[in-house]
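Please look over the structure below. Short questions and answers follow.

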Amino acid sequence: MTVFSDEYFMKEALKEAKKAQVIGEVPVGAVVVANNKIIARAHNQTQQLHDVTAHAEMLALTSASANLGSKYLRDCVLYVTLEPCIMCAGALAWSQIGKIVIGASDDRKGFMRYGKELLHPKTRVAMGIMEEEASSELKKFFLAKRLK
């Protein structure tokens, strides 16, 4: 693994997912990268903030936009451990993010179920980066929830 690779940044998103898990949130993490530098980090906080929109992607977008002073993130890459839902895909479309790199797919609630057309036409998507690690954390989390 080299510095500035998709795997490097996905590992950073996985660190955010672990933070979510520690506080009882679904372990999803996200980082936004511009010019090979992480400009925003976030993890799910829907329970903590009592806010259904506090998904890792949404929080990361808000932080990245504040960091850059722009609502458009055309030259940025979002690394996220789980495929975004349609709400997050809508926000990603409005941000005109340049690229989305996804760890685990979400066949039930992921936006790709409805097609890449939900995103901005210029947004590129890469799926399955460190998929095993990302899906493993989610499976462990939900298994533990079921056993309670």
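**Salt bridges, sheet and helix packing**

At 8% relative accessibility, Glu 12 is classed as buried (buried is under 20% relative accessible area, exposed over 50%, partly exposed in between; 1.4 Å probe, protein chains only). The model is predicted: local features need pLDDT of at least 70, side-chain atom pairs count only at pLDDT 80 or more, and totals for chains, interfaces and linings use all residues. Residues are numbered from 1 along each chain as its sequence is written, and side-chain values use heavy atoms, with hydrogens and water left out.

Q: How far apart are the closest N and O atoms of Lys 15 and Glu 12?
A: A salt bridge needs a side-chain nitrogen of Lys or Arg within 4 Å of a carboxyl oxygen of Asp or Glu. Lys 15 is partly exposed, at 46% relative accessible area. The two residues sit three apart in helix α1 (residues 6-22), so about one helical turn separates them (helices are DSSP runs of H or I, at least four residues; strands are runs of E, at least two; numbering starts at the N terminus). Their closest N and O atoms are 2.9 Å apart.

Q: How many residues separate Arg 41 and Glu 12 in the chain?
A: Arg 41 forms a salt bridge with Glu 12, with closest N and O atoms 2.8 Å apart. Arg 41 is in strand β2 (residues 37-43) and Glu 12 in helix α1, so the pair links distant parts of the chain, and the separation is 29 residues.

Q: Is Glu 16 buried or exposed?
A: Glu 16 forms a salt bridge with Arg 41, the closest N and O atoms being 4.0 Å apart. Glu 16 lies in helix α1 and Arg 41 in strand β2, so this pair ties together parts 25 residues apart in sequence. Arg 41 is partly exposed at 39% relative accessibility. At a relative accessible area of 2%, Glu 16 is buried.

Q: Which residues do salt bridges with shared partners join into one network?
A: The structure holds seven salt bridges. Those that share partners join one network: Glu 12, Lys 15, Glu 16, Lys 19 and Arg 41.

Q: Which strands stand at the edges of the sheet?
A: Five strands form an open, mixed sheet in the order β2-β1-β3-β4-β5 (two strands pair if DSSP finds at least two bridges between them). Each edge strand has a single partner, so one side of each is left without a neighbour in the sheet; the edges are β2 and β5 (124-127).

Q: Which residue in β5 stands opposite Val 101?
A: β4 and β5 run parallel and are joined by four bridges. Opposite Val 101 stands Ala 126.

Q: What arc do the buried residues of α4 cover?
A: In helix α4 (residues 86-95), the buried residues are Cys 88, Ala 89, Leu 92, Ala 93 and Ser 95. They lie on the same side of α4, because their arc around the axis (taken from the directions from the helix axis to the C-beta atoms) is only 160°.

Q: Against which elements do the buried residues of α4 pack?
A: Contact here means heavy atoms within 4.5 Å. The packing partners are α3 (56-68), β3 (76-82) and β4 (99-104).
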